[in-house]
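User: I would like to go through this model with you and ask, for each label you give it, what value and what criterion stand behind the label.

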Amino acid sequence: MKKAKFVVVAAMALVFLTTGFGFAQTQAQVKEWRVPFLNCLTGAIASIGEYLQWGAERAALEINQAGGIKGKPVKVIGVDTALDPQKGSVEMARIVEEGTLVAMGPVPEPVIMAAMPIAVENGMASVTATTSYEYAVKFFPWTVSWFPPTEQRLGELVAAWAGLHPDMKSVIQFVEPYGPWPGMAEAHVKGLTSVGVKVMPKVDVPSDAVTFGPLVVKALEQKPDGIVFVCNAEKIAKIIRELKSRGWTKMDRLLVFSSGDAPELYATGGADINGVEIYNYINPNLDTPRWNAFKEAYMKAHNGNQPPSLSTNYYDALYMIKRSIESTAVTGDPKKFKEERKMIAEYMANMKDFHGIMFNWDMKNGVPTNKPTFIFSIQEGKKKLVKEVKP
Amino acid sequence: MSLALYYYLSITAVNILMSWALYVPYRMAHLHFITVANMAISGYTAGYLVMALNVPFSLALAIGFLLGGVIGYLVSLFIGDAPTFAVVIVGFTFIYITRTVIENMPSVGGTMGMFGLPNIGGSPSVHRFVILGILYGLVVLVGFLIHRFDHCSLGRAASAVFVDKDLAVSLGIDIRKLGILLQTFSCTLAGGCGVLYGFIYRSFHLDFFTFHLVGITMTIIFVGGYSTMWGTVLAAPLLYGIPLLFPPEIASWRIVIYGALLILVLVLKPEGFITRRSVYCVEGFLSRAQKKLNNS
């Protein structure tokens, strides 16, 4: 009996020792976790860069107030790329050489293309949370896609929108040739035709367009029942105003794509965009303590303005990094950078049940599998939920 | 060599070469912005050749130079002796046309861009070594050619055209032929730079070739000094390098600092930091030093 007791005690001691030893191995070896964020803090889209940065820093604040990551504080370091591939590439090179474990960004696409190959070559994950799947996938496994493949997801989404308006038989698109936008327009075509809606030849919106009358006339000549906008937010607002001035009344047959969901749409469109429908990946009408706190803090810091749709992306990205570090044996030890960078990338790519600020989702091979999308109606600058489209 | 230093050096070399591509036709008052379009055309063509047709990089680079030269030559047949403003308009128009054509070509990635250009020599370190070698070899070669040009009758002819076209014609200078020569040289250089620029990043995106690049090269030339090639050699590394050294706290003031610097230079030294007079002074000093050495 005594012998049996001794064996049990010895086994328990062994378990304690090994788990204790294992635990000690995963203790943070850093004073603070530094996460560089290659962002456009100056230049033409600095206003977007500002709220992306705000979201990331808000997450850092919350994480630090809750005890940090593995007991150490996290610091988001804004690295300005100024929309310049030249600057972005040198900054990324500096980041990978400084022994950074994981980074966020770059923003936007031209800088991603110049700088991400450096991260890939050096085996460091950098979360590009604002670009489309088609850009992110080129840099797998050293980034994750924030969105599912465009064709699949947007096809389902616009088909659901068409289902809301069964009498809508023909649709035309305004498309601006920028980055992934023409690809998104193609996805809309496939989705709409799959439910029997005729898609007319698109109207190209030049990037430097300042007047939209001729473009609107060209679209109206084809007598469409509905219109989808795949262009810059400010341009969308101006085109809608032109449409209204030329007698367009069915506002719910106008659908704005997700990248058009930016402050410029509401500021320029004003009351003229009331009733217009818009799709996006987040639902600002959500009523949870976490989202309400985020919204309140954002509005306080931004003169009462509502958080724009991308403001949560890098907030969630930092939480994703936190979970990756806490769920793996990552310590921040410079001697183990290579394997720890890989651990983070691998964990993020297949993270299950991630608790984002809006909803929980799973990742599979770097792609989110179950993020919902939402169709809203714009009323007095606010979005009213019309339909949630689940994959 | 550190990775950051590699990117700094390689991009600086491209900026020097592209500023020279602008400097050469500006010797006869032509602001030839078509060079940016040349970069894009040759770059994307070389990228396509390497990615889709497995053409070796060296051949693709040669084709890039050649394509730049051919386009430059054909365009210069029409604007070789055109006034400055007309040359500027043609350059801008070409940038727009090139962008639109590339945007509508799915074979080169369209609006998405071209990803995953291969490493030259099969490994990243060989790739970096080759790119840097070619770029700085070009800087030396092109610098030598421009130096010779500045000191020969062609350079003096270009200076005469810059000051007064009528005077130049009265001196027997064929302005059109000179324009064709300088514009073709400039476009050839830009074509090669476009290929190398894309291979530095190992990708192409239309926004690599925007007016932003015009802004960078113009600032380099006018701050460094537009009357001599040496201004570019001084300004390119400084203007590109200084902002990288800014601490994050003042990085967002970069544009203000740039602007203030440009205004200061234009007010205090309108010809830029390095003028032809200062080059002559240095050359005189060096030649006297050489003589002294020889005598002793």
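**Chain B and its contact with chain A**

Analyst: In this predicted model, chain B holds 13 helices and zero strands.

User: What makes chain B as compact as a globular protein of that length?

Analyst: The radius of gyration of chain B is 20 Å, and the globule rule gives 19 Å for 296 residues, so the two values are close and chain B is as compact as a globular protein of that length. Along its principal axes, the C-alpha trace of chain B spans about 55 × 45 × 45 Å.

User: What share of the residues of chain B count as buried, and by what criterion?

Analyst: A residue is buried if 20 or more other C-beta atoms lie within 10 Å of its own, and 50% of the 296 residues of chain B count as buried.

User: How do you know which contacts in chain B join residues at least 24 apart?

Analyst: Among the contacts between residues at least 6 apart in sequence, 78% in chain B join residues at least 24 apart, where a contact requires C-beta atoms that lie within 7 Å.

User: What makes up the side of chain A that touches chain B?

Analyst: In total, 31 residues of chain A are in contact with 28 residues of chain B. The elements of chain A that give two or more residues to this side are β2 (74–80), α3 (85–97), α4 (109–121) and α7 (181–194), and the largest share, eight residues, comes from α3(A). By residue class, this side of chain A divides into 17 nonpolar, six polar and eight charged residues.

Terms used:
Residues numbered from 1 in each chain as written. Chains lettered and ligands numbered in written order. Predicted model: local features only at pLDDT ≥ 70, side-chain atom pairs only at ≥ 80, totals over all residues. Helix = DSSP H or I, 4+ residues; strand = E, 2+ residues; numbered from the N terminus. Rg over C-alpha atoms; globule rule 2.2 N^0.38 Å. Buried ≥ 20, exposed ≤ 12 C-beta atoms within 10 Å, placed from the backbone. Contact = placed C-beta atoms within 7 Å. Nonpolar A, V, L, I, M, F, W, Y, C, P; charged D, E, K, R; others polar.
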